[in-house]
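User: I am new to reading protein models, and I would like to learn how to go from the overall fold to single residues. Could you take me through one example step by step?

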Amino acid sequence: MKKQELFDVIKGNVIVSCQALPDEPLYVEEKSIMYLMARAAKQAGTPAIRTNSVRDVVAIKEETGLPIIGLIKANYDNSDVYITPTMKEVDQLVEVNTDIIALDCTFSKRLNDTSINTFIREIKEKYPDIVLMADISTYEEGVNAYKCGVDLVGTTMNGYTEQSIDANITNLELVSKLSKEISIPVIAEGRIHYPNQVREMLDAGAFAVVVGGAITRPLEIAKRFIDAAKGELK
Ligand SMILES: CC(=O)N[C@H](C=O)[C@@H](O)[C@H](O)[C@H](O)COP(=O)(O)O
């Protein structure tokens with residue numbers, strides 16, 4: 001799907017993130033089962049799916065035919081960045097026709113101390129038509145990614161990096177601030193657990209909202225209920 005068409009279908013909508021890492025209950029070694037989560041999300045009306053790994057991109061595309069925001073989580077020594085951290089993962093996602101490629105665009109330490117600006121430039125040189133979603137954790141990182149020419153900025157990493165913990169800004173505030181400053185879609189993503197938060201994010205300026213664990217991670221969902229029974233309501 002072309003960029004404008006993608007933007008048209010996701011605008012004002014909820015994108016469901018369907019992810020299960022090897023240490024999670026819904027990860028099955030032999031075969032991806034996340035396409036079943038994606039099937040449910042499609043029936044509910046989501047216009048796009050965010051997912052991790054080549055096998056889930058392929059399985060979910062085949063099942064739903066929906067556009068995919070794809071990423072590959074990969075850990076490297078001496079690097080704090082794990083969402084599509086190198087060209088190797090970008091190549092793999094391009095190979096399976098991922099519609100939007102999500103990558104960490106924070107200022108966290110990257111492999112061989114490379115800079116995010118250089119990495120974005122290299123990706124755009126290699127794949128001029130690529131649509132990139134920058135997963136950021138702070139306002140400054142969002143503005144920087146925008147200036148580097150990414151197509152969308154998401155608050156995915158807010159609260160997960162040292163610099164964002166220090167910045168102490170909620171996703172709602174971040175969305176509001178960024179959407180006033182940059183002229184590309186700002187996607188609200190990360191710990192959106194209740195439907196009313198979706199409305200708040202859109203009212204704050206979010207172009208679209210990604211909801212993951214609250215829909216597709218049963219362990220996380222069950223734990224919230226169990227914790228509530230113990231008086232630990234979050
Ligand atoms: C921080 C990180 O690695 N986030 C990942 C990015 O793709 C996913 O594990 C999250 O599920 C996704 O961002 C959606 O967020 P939430 O599951 O909170 O709705």
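Analyst: We will begin with the whole chain and then turn to its core, two helices, two single residues and the ligand. Please keep in mind throughout that this is a predicted model.

User: How many helices and strands does the chain have, and what is its radius of gyration?

Analyst: The chain contains 11 helices and eight strands. For 234 residues, a compact globule would have a radius of gyration near 17 Å, and the chain agrees with this because its own value is 17 Å. Its C-alpha atoms fill a box of roughly 50 × 40 × 40 Å along the principal axes. When we count contacts with a separation of 6 or more, 57% of them join residues 24 or more positions apart.

User: What share of the residues is buried, and which residues touch the most other members of the largest nonpolar core?

Analyst: The general idea is that nonpolar side chains tend to be buried together in soluble globular proteins. Here, buried residues make up 44% of the 234 residues. The largest nonpolar core has 62 residues, and those touching the most other members are Met133, Val150, Val153, Ile187 and Ala206. Helix α2, residues 34–44, gives this core its largest share, five residues. To see one core member in its surroundings, take valine 153, whose contacts, apart from neighbours within four places in sequence, include Ala134, Gly142, Tyr146, Leu178 and Ile187.

User: Which residues of helix α5 are buried, and why do they line one face of the helix?

Analyst: An α-helix has 3.6 residues a turn, so residues three or four places apart point the same way. In helix α5, which spans residues 116–126, the buried residues are Ile116, Phe119, Ile120 and Ile123. Seen down the axis of α5, these buried residues fall within an arc of 100°, and therefore they line one face of the helix. The face turned away from that buried side carries the exposed residues Thr118 and Glu125, whereas the buried residues pack against α4 and β5.

User: What covers the buried residues of helix α6?

Analyst: Helix α6, residues 139–147, has Glu141, Gly142, Asn144, Ala145 and Tyr146 as its buried residues, and what covers them includes β5, β6 and α8. Just after α6 comes glycine 149, which takes a positive phi of about 95°.

User: Where does valine 54 lie, and why is it called partly exposed?

Analyst: Valine 54 lies in helix α3, residues 54–64. A residue is called buried with 20 or more other C-beta atoms within 10 Å, exposed with 12 or fewer, and partly exposed in between. Valine 54 has 17 such neighbours, so it is partly exposed. Leaving out residues up to four places away in sequence, valine 54 touches Ile72, Gln92 and Val96. Glutamate 162, found in helix α7, has 13 other C-beta atoms within 10 Å and is therefore partly exposed as well.

User: How many residues surround the ligand, and how do they divide into nonpolar, polar and charged?

Analyst: The ligand is surrounded by 16 residues, and the closest are Ser17, Tyr160, Arg191, Gly212 and Gly213. The elements giving two or more residues to this shell are β8, residues 208–211, and α10, residues 213–216. By character, the shell divides into eight nonpolar, six polar and two charged residues.

Technical notes: Residues numbered from 1 in each chain as written. Predicted model: local features only at pLDDT ≥ 70, side-chain atom pairs only at ≥ 80, totals over all residues. Near = placed C-beta within 6 Å. Helix = DSSP H or I, 4+ residues; strand = E, 2+ residues; numbered from the N terminus. Nonpolar A, V, L, I, M, F, W, Y, C, P; charged D, E, K, R; others polar. Rg over C-alpha atoms; globule rule 2.2 N^0.38 Å. Contact = placed C-beta atoms within 7 Å. Core = buried A, V, L, I, M, F, W, Y, C linked by C-beta atoms within 7 Å. Arc of directions from axis to C-beta.
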